[in-house]
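Student: I'm new to this one. Could you walk me through it, one step at a time?
Tutor: Sure, let's take a look together.

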Amino acid sequence: MNIRIAPSILAADFAALGEAVATVERGGADLIHIDVMDGHFVPTISVGPLVVRALKRVAKVPLSVHLMIEHPDRYVEAFAEAGAAILTVHVEAAVHLHRTLELIHRAGVLAGVALNPATPVTMLEEVAALVDQVLVMSVNPGFGGQAFIPRTESKVRAVRALLDREGSRAPIAIDGGIDRDTVRRVVEAGAEILVAGVAIFHAHDPAAATRELRALARGEQVT
Ligand code: DX5
Ligand code: ZN
């Protein structure tokens, strides 16, 4: 199991995003998670390709872009050109998901699929072979700082079982309410990529919080 920590800049200071990225990289962040929200698929409006492009200039680690937007096909190219390494689309927002995943791959980017808490795991069945990552939402998307939905734990197990059945080694990312209390059990359930916003950026020392989350994910003792 290859545990990766993906700090979500949604909880960072937007007036100092470059510094936020540098800080968590010092703490050993493996990826930077960027939440793109359109005010339609989710109520919030956040950032677009311009911010991804700006962060690409300063980030040393890959940018993982979580698209919480309607009509994701329209924006695949823009985010790929901006420097996304992974583009994750919601199954609930992609009417022609198969085509969307092909578009992402054709743009030279890894393709992820995200599932809302109410979306059944079976939605993945026909596309399992095409996905490079499955992102399981452990809160309803749209906001940082929400409480982890406990049922997600068994959902992660079910996603892992489905991927294994389909012969896919794609990692599972988990997003929402991941902190020192929840991280270990989602890893035990099969999550490998741990997205965390508030738990990292609202901490007194985000670099230390990144290191601590990784240690806890590995089941190490943290004082
Ligand atoms: C929620 C976003 C998350 C968010 C997680 O819609 O997809 O990435 O930043 O925030 P925390 O870790 O604070 O729950
Ligand atoms: Zn996210």
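Tutor: One term before we start: a polar contact is a pair of N or O atoms within 3.5 Å. Also keep in mind that this is a predicted model.

Student: OK, then how far is the backbone N or O atom of Gly142 from an oxygen atom of ligand 1?
Tutor: Gly142 is listed among the closest residues around ligand 1. Its contact runs from a backbone N or O atom to an oxygen atom of the ligand. The cut-off for a polar contact is 3.5 Å, and for Gly142 the distance is 2.8 Å.

Student: Which residue has a polar side-chain atom 3.2 Å from an oxygen atom of ligand 1?
Tutor: Let's check two histidines. The side chain of His33 has an N or O atom 3.3 Å from an oxygen atom of ligand 1, so that doesn't fit, given the 3.5 Å limit is met but the value asked for is not. The residue with the 3.2 Å distance is His66.

Student: Which protein residues are donors of the zinc ion (ligand 2)?
Tutor: Look for donor atoms lying 2.0 to 2.3 Å from the zinc ion. Along the sequence, the donor residues follow the spacing H-x1-D-x30-H-x108-D. The protein donors are His33, Asp35, His66 and Asp175.

Student: How many residues apart in sequence are the parts that His33 and Asp175 tie together?
Tutor: His33 lies in strand β2 and Asp175 in strand β7. Both are buried, His33 with a relative accessible area of 2% and Asp175 with 9%. Because these two donors sit in those two strands, the pair ties together parts whose separation in sequence is 142 residues.

Student: And what is the geometry of the zinc site?
Tutor: There are six donor atoms, and the angles among them go from 72 to 172°. Ideal angles for six octahedral donors are 90 or 180 degrees. The site of the zinc ion (ligand 2) is octahedral.

Student: Moving on to the strands, is β5 mostly covered or uncovered?
Tutor: Strand β5 covers residues 110-115. Buried means under 20% relative accessible area, and five of the six residues in β5 are buried. That makes β5 mostly covered.

Student: In which sense do β4 and β5 pair?
Tutor: Five bridges link the two strands, and one has Ile86 partnered with Leu110 in β5. Between them the chain passes through helix α4 in a right-handed β-α-β crossover. The pairing of β4 and β5 is parallel.

Conventions
Residues numbered from 1 in each chain as written. Chains lettered and ligands numbered in written order. Predicted model: local features only at pLDDT ≥ 70, side-chain atom pairs only at ≥ 80, totals over all residues. Heavy atoms only, no water. Buried < 20%, exposed > 50% of the residue type's maximum accessible area, 1.4 Å probe, protein only. Helix = DSSP H or I, 4+ residues; strand = E, 2+ residues; numbered from the N terminus. Pairing = 2+ DSSP bridges. Right-handed = clockwise from strand over helix to strand, strands pointing away. Donors = N, O, S within 2.8 Å, 3.2 Å for Na, K, Ca; no water. Tetrahedral: all angles 85-135°; square planar, octahedral: opposite > 155°, others 65-115°. Near = heavy atom within 4 Å. Polar contact = N/O pair within 3.5 Å; in protein donor to acceptor, adjacent residues only side chain to side chain.
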